[in-house]
Amino acid sequence: MDLRFFNSFKFLRRYFNLPGNKKLKWGIVEESHSSEDAEFRLCVLICGTDKYIDIAARRIFSQANCRLIKRLAVPAKRLSAGKEYAYIADNGWLIRLPKTFIADVYRSSWWRTGETEKERLL
């Protein structure tokens with residue numbers, strides 16, 4: 001796949017079978033468990049819902065704040081910075097990731113013609 005023409009939102013919309021009327025926005029999610037430190041990850045918000053796509057986990061989650069877990073997703077802007085994107089949340093959180101990050105995470109689940117089961121296991 002030629003990453004120069006990779007459209008992340010179009011790819012994610014198709015990957016997760018999201019309807020065209022659901023707007024997507026970049027975001028940063030803070031996740032913490034009752035006794036652990038917070039972890040910050042890139043996400044894509046599904047506007048008009050409490051749902052978001054956790055890019056690294058390749059799953060859709062709901063935002064939550066209860067005794068056992070806290071998941072707070074905040075909208076962010078994506079800025080190009082050389083070979084990276086800087087994601088800056090509305091509340092000031094910042095994540096810098098390579099421009100190939102989404103493709104790198106999802107590449108293992110892409111169908112490739114001619115790839116055999118033996119090659120996948122190597």
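What share of the contacts in the chain with a separation of 6 or more comes from residues 24 or more positions apart? The figure is 41%. This is a predicted model, and the account below follows the chain from its overall layout to single residues.

## Layout

The chain has 122 residues, and 34% of them count as buried. It holds 3 helices and 8 strands. Along the sequence they follow the pattern α-β-β-β-β-β-β-β-β-α-α.

## Helix α1

Helix α1 covers residues 8-15. Its buried residues are Ser-8, Phe-11 and Leu-12. Viewed down the axis of α1, they fall within an arc of 95 degrees, so they line one face of the helix. The general geometry fits: an α-helix has 3.6 residues a turn, so residues three or four places apart point the same way.

What do the buried residues of α1 pack against? Their partners are β1, β2, β3, β6 and α2, the last spanning residues 101-106. The face turned away from the buried side carries Lys-10 and Arg-14, which are exposed.

Both ends of the helix have a detail to note. At the N-terminal end, Asn-7 acts as a cap: one of its side-chain oxygens lies 3.1 Å from the backbone nitrogen of Phe-9. After α1 comes Asn-17, with a positive phi near 55 degrees.

## Nonpolar cores

The largest nonpolar core has 22 residues. Those with the most contacts inside it are Leu-12, Val-44, Ile-53, Ile-55, Tyr-87 and Tyr-106. At least two residues of this core come from each of α1, β1, β2, β6, β7, β8 and α2. Leu-12 is also one of the buried residues of α1.

Tyr-106 gives a close view of this core. Beyond its neighbours up to four places away in sequence, Tyr-106 touches Phe-11, Leu-12, Tyr-15, Phe-16, Ile-53, Asp-54, Ile-55 and Arg-58.

Apart from the 22-residue core lies another, of 6 residues. Its members include Cys-43, Tyr-52, Phe-61 and Ala-73.

## Cysteines

How many disulfides does a search of the whole structure find? The search finds 0. Cys-43 is buried, at 0% relative accessible area. Cys-66 is partly exposed, at 46%.

## Salt bridges

Side chains of opposite charge can pair when their charged atoms come close. A search of the whole structure finds 7 salt bridges. The table gives three of them, with the distance between N and O atoms.

| Pair | N to O distance |
|---|---|
| Glu-31 and Arg-71 | 3.5 Å |
| Arg-41 and Asp-54 | 2.6 Å |
| Glu-84 and Arg-96 | 3.0 Å |

Take Glu-31 and Arg-71, which form a salt bridge. Glu-31 lies in strand β1 (residues 24-33) and Arg-71 in strand β6 (residues 69-81), so the pair ties together parts 40 residues apart in sequence. Glu-31 is buried at 12% relative accessible area. Arg-71 counts as buried too, at 18%.

Next come Arg-41 and Asp-54, whose side chains meet in a salt bridge. Arg-41 belongs to strand β2 (residues 39-46) and Asp-54 to strand β3 (residues 51-54), so this pair ties together parts 13 residues apart in sequence. Arg-41 is buried, with a relative accessible area of 14%. Asp-54 is buried as well, at 0%. Asp-54 is also among the residues that Tyr-106 touches.

The third pair is Glu-84 and Arg-96. It links strand β7 (residues 84-89), which holds Glu-84, with strand β8 (residues 94-98), which holds Arg-96. The two residues are 12 apart. Glu-84 is partly exposed, at 28% relative accessibility. Arg-96 is partly exposed at 44%.

Some of these bridges share partners. Glu-31, Glu-39, Arg-41, Asp-54 and Arg-71 are joined in this way into one network.

## Around Glu-30

Glu-30 is found in strand β1. Is Glu-30 buried or exposed? Glu-30 has a relative accessible area of 12%, under the 20% limit, so it counts as buried. Its side chain makes a polar contact of 3.4 Å with the side chain of Lys-70. Leaving aside neighbours within four places in sequence, Glu-30 is in contact with Ala-38, Glu-39, Phe-40, Lys-70, Arg-71, Leu-72 and Trp-93. Of these contacts, Glu-39 and Arg-71 belong to the salt-bridge network.

Key: Residues are numbered from 1 along each chain as its sequence is written. This is a predicted model: local features need pLDDT of at least 70, side-chain atom pairs count only at pLDDT 80 or more; totals for chains, interfaces and linings use all residues. Side-chain values use heavy atoms; hydrogens and water are left out. A disulfide is a pair of cysteine sulfur atoms within 2.5 Å. Buried means under 20% relative accessible area, exposed over 50%, partly exposed in between (1.4 Å probe, protein chains only). A salt bridge is a side-chain nitrogen of Lys or Arg within 4 Å of a carboxyl oxygen of Asp or Glu. Helices (H or I, at least four residues) and strands (E, at least two) are DSSP runs, numbered from the N terminus. The arc is that of the directions from the helix axis to the C-beta atoms. Contact means heavy atoms within 4.5 Å. A polar contact is a pair of N or O atoms within 3.5 Å; within protein, one must be able to donate a hydrogen and the other to accept it, and residues adjacent in sequence count only if both atoms are side-chain atoms. A nonpolar core is a set of buried Ala, Val, Leu, Ile, Met, Phe, Trp, Tyr and Cys residues joined through side-chain atoms within 4.5 Å.
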